[in-house]
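Hi,

Here is the structure I promised to pass on. Have a look at it first, and my notes follow underneath.

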Amino acid sequence: MYRLHTREVRVGNLAIGGTNPVRIQTMTTTDTLDIDATVAQTIRCIEAGAELVRITAPSKKEAEALGVIKERLRAAGYDTPLVADIHFTPNAAEIAARLIEKVRVNPGNYVDKKKFDFIEYTDTEYAAEVDRIRERFTPLVRICKEYGTAMRIGTNHGSLSDRIMSRYGDTAIGMVESAMEFLRIARNEDYHQIVLSMKSSNPIVMVEAYRLLVRTMLHEFGECYPLHLGVTEAGDGEDGRIKSAIGIGTLLEEGIGDTIRVSLTEDPEFELPVCKDLVKKALPVQPGLAAVMDVPDGGVLPTSPFMPANETADLLNLRRSVAVRTIGGGQVPVVMADFMKAETVVPEQLEAIGYQYDAPTDKWAIADGAADYLFLGAKAINFALPGTVRPVVFSRFWKGLPEAQQADYLPLFSPEEWKTTDRQHSAINFMLLDVKDADRLETQGFFRKIESDPTIVLCVYCTEGPPKKTIAQFLQAHPELTAPVIICDMSAAATVDEQLIDFSVTSGALFLDGLGDGIWLMNDPDRMQDVQVSGRTYLPVGSTHQFLNNTAFSILQATRKRISKTEYISCPSCGRTLFDLQETTAKIRSATHHLKGVKIAIMGCIVNGPGEMADADFGYVGSGPGKITLYKNKDIVRKNIDSEVAVEELINLLKEHGAWTERVS
Ligand code: SF4
């Protein structure tokens, strides 16, 4: 276990980077000018474990209020450092930098403006723009240096400036360059109390940008500044947790990341248990870190060679396996539902994995999130399954089935069983493989033998070492194995939240890097506790099958490998938010959750919302008290409509653009 060695940065009494533990933080959602509410919420966050609390400062008034908030907290005995969140207003940043421990600036809007214009710059014009930034940004750097204030240069994928977009496009390179311009200016002033972030609502872009930033800093400066990790606008409930865990967990496991924030559209104190679970899972050895990795020669980090340069449909499934029927070969990853421990299986149980049986008509209704394979262990079922799901059983049980049934059921072999079998299925044979046995099997020439069998689908898991890394290394070490690979992932955690993180950090990270043709999640149903998250039950925890199936599809959706539901990009809300974001998100979700593949952004304010809703198809943005503005992509299509009718208007808009379908009840 290693971590990338970064510079140590002091934020008040807190040290970030270097050999320090990964720090966890959050951001308040109250109106900053409501001092009582902001102080109370900050205290709740601190008590929940926040080591740093960010507060929005949209104008000079709020920046000044931060000083009062800080005093009130200190008087109450809390010395947790505060961070001012700045967008568009250098004046507010310069005030806040004199009052509190850290300021966050967004290079996309600190000096540059965003009007979604495409401008062709000559090199001279471009350099003149960077000089303009230097002029406007340097005073803040000097104030921070004088007052010992730290700074985060926080790039957001969704709010890159027109200038950066015009030259680099909507890419990770653009995100990195946007931050590097500011970082170079600060270094020229010999100011180094800097933390950087590269956030996106898409974990693939986010991970790529952080990896690229590390490489760029190492290459240009021979050192790395601490990194603040986060996935923006991740949303709420399980999807928000999964998206964040995939993005943040992938990087933490690679040794990248010094402080994290999990942004959820929920009260900020609920973000902190998720942060803790994530750090515990990804870096079990902290705070006594086993090893801190110094910059290797040439600055090359052990990142995945499968990482896409750009996210395009034909990069789906980057390992490029050869298809075995419906599995692999660039087809969407399949989902295996695990019913091994169920004593019997009856049609009603399949509702948990997307199949609803209607006895009077003897028909199955199939949901978008319906599993493709059903692992039964050592039992058969006595009813006809829908045609879209195939049963899988242990090979020793399969051999005992009557010949007619052997065609319908698919066998799962261990390597030893397969080596000695006298029979196998003519179409698909699953092979369960613990990668810890890979070396032994290799010396026995096992992989050469299965290489030539066009019916084999590997089901890989790992019982020794960090599973994501070990499985990835195995697959990368065996490019000759072109068989499709199903990632088998088992969680022994007792809570829903921890299981979500376990699955996201292993399976999610592998899919994010293009590894995997299928997913098979398992847990121990006896250990599952009926946990309420954020004070409410948002998961179908009553059914472990449903939980596992939903989680599998959510991981595939978050890594954009298989889209089976509506995607929501919702901001975590802050002091600028103009409506009840949680309630509105729930309302919009309940009206639109059946619109497979549609991306809807729900953003709290018109100042940052439109810039940060990334690649959403439709946007619902607060534009004034009780007023909503609706967007189609980046274009305003309904301005300042009454919030009472805004959800209805959003549905009308979806209809106008052919994105609406009636729900089948
Ligand atoms: S988009 Fe949301 S989180 Fe971002 S500034 Fe506006 S209200 Fe705050």
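Arg560, which follows helix α17, has a positive phi, near 55°. This is a predicted model, by the way, so everything below is computed from it. As for α17 itself (residues 544-558), its 15 residues should span 21 Å at 1.5 Å a residue, and its end C-alpha atoms are indeed 21 Å apart. Of those 15 residues, 13 are buried, so the rest of the structure largely encloses the helix.

Next, the cavities. There are three of 30 Å³ or more, and the largest has a volume of about 320 Å³. It is lined by 25 residues, with Asp85, His87, Glu233, Pro572 and Glu612 closest to its centre. β5 (52-56), β8 (150-156) and α19 (609-612) each give at least two residues to that lining. By class, the lining has nine charged, 10 polar and six nonpolar residues.

Then the aromatics: I get 15 pairs. One of them is Phe375 with Phe394, with ring centres 5.1 Å apart and planes at 85°, so it counts as edge-to-face. This pair links strand β16, which holds Phe375, to strand β17, which holds Phe394, 19 residues apart. Phe375 is buried at 1% relative accessibility, and Phe394 also counts as buried, at 19%. Arg396 lies over the face of Phe394, 4.6 Å from the ring centre.

A similar charge-over-ring arrangement: the charged end of Arg167 sits over the ring of Tyr126, 4.1 Å from its centre. Finally, Tyr355, Tyr357, Trp364 and Phe383 make up one aromatic cluster.

Cheers

Key. Residues are numbered from 1 along each chain as its sequence is written. This is a predicted model: local features need pLDDT of at least 70, side-chain atom pairs count only at pLDDT 80 or more; totals for chains, interfaces and linings use all residues. Side-chain values use heavy atoms; hydrogens and water are left out. Helices (H or I, at least four residues) and strands (E, at least two) are DSSP runs, numbered from the N terminus. The expected span of a helix is 1.5 Å times one less than its number of residues. Buried means under 20% relative accessible area, exposed over 50%, partly exposed in between (1.4 Å probe, protein chains only). On a 1 Å grid over the protein atoms alone, a cavity is a set of points where a 1.4 Å probe fits but cannot get out, and a pocket is an open set with protein on both sides within 12 Å along at least five of seven lines; lining residues have an atom within 4 Å of a point. Grid points are joined across faces, edges and corners, and a volume is the space filled by probe spheres set on the points. Ala, Val, Leu, Ile, Met, Phe, Trp, Tyr, Cys and Pro count as nonpolar, Asp, Glu, Lys and Arg as charged, and the others, Gly among them, as polar. Rings of Phe, Tyr and Trp (its six-membered ring) pair if their centres lie within 6.5 Å; planes under 30 degrees apart count as stacked, over 60 as edge-to-face and the rest as tilted. A charge sits over a ring if NZ of Lys or CZ of Arg is within 6 Å of the ring centre and within 35 degrees of the ring normal.
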